[in-house]
Amino acid sequence: MKSMLEALVKEMVEKGILFEDAVAEFEKHFILLVLKRTNGNLSKAADELRLHRNTLSKRVEKYYQNHHMVGARHRRPRVQEHARAAAAKSKG
């Protein structure tokens, strides 16, 4: 694995990829892979990454697409919110 990483870094340097861009891409792919492994659970992903959940959440904000996180599941509405929405729908 080390040789693969070294080859990738060498290629990036030769192609003129900026350090900041390389780090951002690595972080993005690393975080999103861990999110997939944890089925989008931020708390479990944060534990696995040894980050505070809020820190992970802030970093993930960079990777939003179409107003949701890539690789993260959507949180279900609470039962009370769902019941209110259903009641409002039946009145209207």
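Q: Why is Lys15 counted as exposed?
A: Lys15 has a relative accessibility of 61%. A residue is called exposed over 50% relative accessible area, buried under 20% and partly exposed in between (1.4 Å probe, protein chains only). The value for Lys15 lies over the 50% limit, so Lys15 counts as exposed. This is a predicted model, in which local features need pLDDT of at least 70 and side-chain atom pairs count only at pLDDT 80 or more, while totals for chains, interfaces and linings use all residues. Residues are numbered from 1 along each chain as its sequence is written, and side-chain values use heavy atoms, with hydrogens and water left out.

Q: What makes the pair of Lys15 and Glu11 a salt bridge?
A: The distance between the side chains of Lys15 and Glu11 is 3.3 Å, N to O. A salt bridge requires a side-chain nitrogen of Lys or Arg within 4 Å of a carboxyl oxygen of Asp or Glu. The pair therefore meets the definition. Glu11 has a relative accessibility of 38% and so counts as partly exposed.

Q: How do you know that Glu27 and Arg59 form a salt bridge, and where do the two residues lie?
A: The closest N and O atoms of Glu27 and Arg59 are 3.5 Å apart. The bridge links distant parts of the chain, with Glu27 in helix H2 (residues 19–37) and Arg59 in helix H4, 32 residues apart. As 3.5 Å falls within the limit for a salt bridge, the pair qualifies.

Q: Why is Glu27 called buried, and how is Arg59 classed?
A: Glu27 has a relative accessible area of 18%, under the limit for buried residues, so Glu27 is called buried. Arg59, at 31% relative accessibility, counts as partly exposed. Leaving aside neighbours within four places in sequence, Glu27 is in contact (heavy atoms within 4.5 Å) with Arg59, Lys62 and Tyr63.

Q: What makes Arg37 and Glu48 a salt bridge?
A: Their closest N and O atoms are 3.0 Å apart. This pair too links distant parts of the chain: Arg37 belongs to helix H2 and Glu48 to helix H3, eleven residues apart. The distance lies within the salt-bridge limit, and the pair is therefore accepted. Arg37 is exposed at 61% relative accessibility, whereas Glu48 is partly exposed at 34%. The structure holds three salt bridges.

Q: Why are helices H3 and H4 described as roughly perpendicular?
A: Helix H3 (residues 42–49) and helix H4 (residues 53–60) pack at an angle of about 105 degrees, and their axes are 9 Å apart. H3 is therefore roughly perpendicular to H4. Angles of 65 to 115 degrees count as roughly perpendicular, under 35 as roughly parallel, over 145 as roughly antiparallel, and the rest as oblique. The axes are lines fitted to C-alpha atoms, for helices over the stretch in contact, and the angle between N-to-C directions runs from 0 to 180 degrees. Leu42, Ser43, Ala45, Ala46 and Leu49 of H3 meet Arg53, Leu56, Ser57 and Val60 of H4.

Q: How is Asn54 of helix H4 classed, and why?
A: Asn54 has a relative accessible area of 44% and is therefore partly exposed. The C-alpha atoms of Asn54 and Ser43 are separated by 9.1 Å, the two residues being eleven apart along the chain.

Q: What makes Leu5 eligible for a nonpolar surface patch?
A: Patch residues have over 30% relative accessible area and no salt bridge; like charges are joined within 9 Å, and nonpolar side chains (Val, Leu, Ile, Met, Phe, Trp, Tyr) within 5 Å. Leu5, in helix H1 (residues 2–14), is partly exposed at 47% relative accessibility, so the area condition is met. Leu5, Leu8, Val9 and Val13 make a patch of about 360 Å². Accessible areas come from the Shrake-Rupley method with a 1.4 Å probe, and for residues only the protein chains shown count as cover.

Q: What makes the phi values of Asn39 and Arg50 notable?
A: Most residues other than glycine have a negative phi. Asn39 has a positive phi of about 55 degrees, and Arg50 has a positive phi of about 60 degrees, although neither is a glycine. Asn39 is found in the loop between H2 and H3 and is exposed at 54%. Arg50 is found in the loop between H3 and H4 and is exposed at 71%.

Terms used:
Helix = DSSP H or I, 4+ residues; strand = E, 2+ residues; numbered from the N terminus.
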